[in-house]
Amino acid sequence: MDPWSESEGKRAHDPIFQCFNQNQNHLQSVENCWKERSVDGVVARSERTCFWVSGPIIVGAGPSGLAVAACLKEKGIGSLILERSNCIASLWQLKTYDRLSLHLPRKFCELPLMPFPADYPIYPSKQQFVAYLESYAARFGINPMYNCTVVHAEYDEQLLLWRVSSQTSGAMGEEVQYVSRWLIIATGENAEAVQPDIDGLQEFPGTVLHTSAYKSGSAFTGKRVLVLGCGNSGMEVCLDLCNHNAEPHIVVHILPREMLGHSTFGLSMWLLKWLPVHVVDRILLCIARAILGDTARLGLKRPTFGPLELKSLSGKTPVLDVGTFAKIKSGDIKVRPAVRKISGRDVEFVDGQLEGFDAIVLATGYKSNVPFWLKDRELFSEKDGLPRKAFPNGWKGENGLYSVGFTRRGLMGTSLDARRIAHDIEQQWKAKGTHPRGG
Ligand SMILES: Cc1cc2nc3c(=O)[nH]c(=O)nc-3n(C[C@H](O)[C@H](O)[C@H](O)COP(=O)(O)OP(=O)(O)OC[C@H]3O[C@@H](n4cnc5c(N)ncnc54)[C@H](O)[C@@H]3O)c2cc1C
């Protein structure tokens, strides 16, 4: 028996489905039915509110959630987005610094079905990117359910549906459950800030903040600031702080943002069409050396792997220089080796040097939060919260489970996932002979 027929069979005997049949709205409260639901002779009682969603449930209203909702909408399939924050693209609106621009050229960051406005610069500012996302959501009529944190999601083998529990924030916070045939995870690779485990950091008496809470160097005028971790965010925060005695920590790979008149990212993508990763890496490093000189002399050691290989193996993004390197060369930003421990305001580095600081900015990155709430262990790895299967095969799991935006390829990966997912769900809908109602 195929899953749909089985589901149909259950519908006839389950009060929850009888309720659905009477009211086939996009979002239908089934609270009363839920309370008297009985499966295999066991009466399930619940005080929780439960809603059935006729289209897919999407968790997260970042660019990935919006992209997949738009692709579904284009096919006439409505969806419900649950978002823990109070706005779309909360990472961009609430957790990024003021001077942020897209790290990659705009042509690699467009969402499906709607280009950036023609007058946008090659690297749009965060304000421009957010404005683009706002009009994207408006154009496709996307209205997420805000202040709704998903705390548990599990496939119900009896009902053949996903059950998603969310907690609403605020004084009236309550647990609400949603059920649907499809669950799309769009909570991002950057859902939670990574806090490093450094001896003495907890007791540091000055300001300690993660880059997700850093807005501008103006709050640190005249202060000695140590920036720990040097990805793109760390490097940019250093640049922002450099007039205020910032002291950046070790840098991984640094590449010029432009090479030979093209964006470094675009050039890499073009070379990769013909050449293997390790050859492209060599070319990039040769050009970088010609432009930047020997970075090791400034304390910026390059890892053994090339920038693209490192990205593919560890997910670490190569640093595309936006001006920080010139400040390092001029000595405005000082490079230090790894931290051994912190005692009071003093930071001891692995080379034995000891220096005092007023503040520490943790540019230590982010991690996925999926393993904390998704009970399925097939699609996502428990270890890093990313799909187990490598790109491009990690977008689809079993029983109507999907992931969007976990490709380690930024917004380009998001667009690819979103289109595939919408196509896949459309096929199932058509095969079922049901017509989407929108929503
Ligand atoms: C500083 C910075 C600059 C970047 N620049 C670029 C760039 O130039 N180009 C590029 O391609 N990529 C860039 N990236 C990567 C970028 O994060 C992604 O491309 C993009 O934001 C990913 O979108 P997303 O929707 O997958 O994840 P996010 O933007 O992180 O959105 C996920 C959403 O899910 C919500 N959420 C999380 N957990 C839950 C839960 N349990 N319940 C409900 N909601 C939840 C979050 O609140 C959030 O709104 C950058 C990242 C950073 C940090």
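This is a walk through a predicted model of a protein chain with a ligand.

Start with the whole chain. It has 439 residues, and 37% of them are buried. The chain holds 13 helices and 24 strands. Consider contacts between residues at least 6 apart in sequence: 62% of them join residues at least 24 apart.

Now turn to one of the sheets. Four strands lie in the order β6-β5-β10-β24. The sheet is open, and its pairing is parallel. β6 (80-82) sits at one edge and β24 (401-403) at the other, each pairing on one side only. From one strand to the next, the twist averages 20°. Look at the pair in the middle of that order. β5 (residues 57-59) and β10 (residues 183-185) run parallel and are joined by 3 bridges. Within this pair, Ile58 stands opposite Ile184 of β10.

A helix covers part of this sheet. α4 packs on the sheet and touches β5, β6 and β10. The direction of α4 makes about 160° with that of β5.

A second helix to follow is α13 (410-432). This helix has 23 residues. From its first C-alpha to its last, α13 reaches 33 Å, close to the 33 Å expected at 1.5 Å a residue. Its buried residues include Leu411, Thr414, Ala418, Ile421, Ala422 and Ile425. Several of these positions are three or four places apart, and the geometry of a helix bears on that spacing. An α-helix has 3.6 residues a turn, so residues three or four places apart point the same way. Gly413, Ser415 and Asp417 of α13 are also buried. What do the buried residues of α13 pack against? They pack against α4, β10 and β24. Two of those partners, β10 and β24, are strands of the parallel sheet, and α4 is the helix that packs on that sheet.

Next comes the ligand. A shell of 34 residues surrounds the ligand. The closest are Gly60, Gly62, Gly188, Gly405 and Gly410. Which elements each supply at least two residues of the shell? They are α4 (63-74), α5 (90-94), β7 (148-156) and α13. Both helices already met, α4 and α13, are in that list. By residue type, the shell divides into 15 nonpolar, 17 polar and 2 charged.

Some loops deserve a closer look at the backbone. Ala89 lies in the loop between β6 and α5. Its phi is near 45°, a positive value in a residue other than glycine. Is Ala89 buried or exposed? Ala89 is buried, because 26 other C-beta atoms lie within 10 Å, and the cut-off for burial is 20 or more.

Arg408 has its place in the loop between β24 and α13. Phi of Arg408 is near 60°, again a positive value in a residue other than glycine. Arg408 has 18 other C-beta atoms within 10 Å, so it counts as partly exposed.

The loop between α12 (370-373) and β24 contains Pro392. The peptide bond from Phe391 to Pro392 is cis, with omega near 5°.

Glu157 is found in the loop between β7 and β8 (161-168). It has 9 C-beta neighbours inside 10 Å and therefore counts as exposed. The C-alpha atoms of Glu157 and Asn399 are separated by 9.5 Å, although these residues are 242 residues apart along the chain.

Two further strand pairings complete the tour. In the first, β4 (residues 49-53) pairs with β9 (residues 175-180) in the parallel sense, over 4 bridges. Phe51 stands opposite Tyr178 in β9. β4 is mostly covered, with 4 of its 5 residues buried.

The second belongs to an open sheet of 3 strands, in the order β19-β20-β21. Here the pairing is antiparallel. The edge strands are β19 (339-343) and β21 (354-356), and each pairs on one side only. With direction ignored, neighbouring strands of this sheet are turned by 25° against each other on average. β19 and β20 (residues 346-349) run antiparallel, joined by 4 bridges. Ile342 has Val347 in β20 as its bridge partner.

Notes: Residues are numbered from 1 along each chain as its sequence is written. This is a predicted model: local features need pLDDT of at least 70, side-chain atom pairs count only at pLDDT 80 or more; totals for chains, interfaces and linings use all residues. A residue is near a molecule or strand if its C-beta atom, placed from the backbone, lies within 6 Å of it. Ala, Val, Leu, Ile, Met, Phe, Trp, Tyr, Cys and Pro count as nonpolar, Asp, Glu, Lys and Arg as charged, and the others, Gly among them, as polar. Two strands pair if DSSP finds at least two bridges between them. Axes are lines fitted to C-alpha atoms, for helices over the stretch in contact, and angles run from 0 to 180 degrees between N-to-C directions. Two residues are in contact if their C-beta atoms, placed from the backbone, lie within 7 Å. The expected span of a helix is 1.5 Å times one less than its number of residues. A residue is buried if 20 or more other C-beta atoms lie within 10 Å of its own, exposed if 12 or fewer, and partly exposed in between; C-beta atoms are placed from the backbone.
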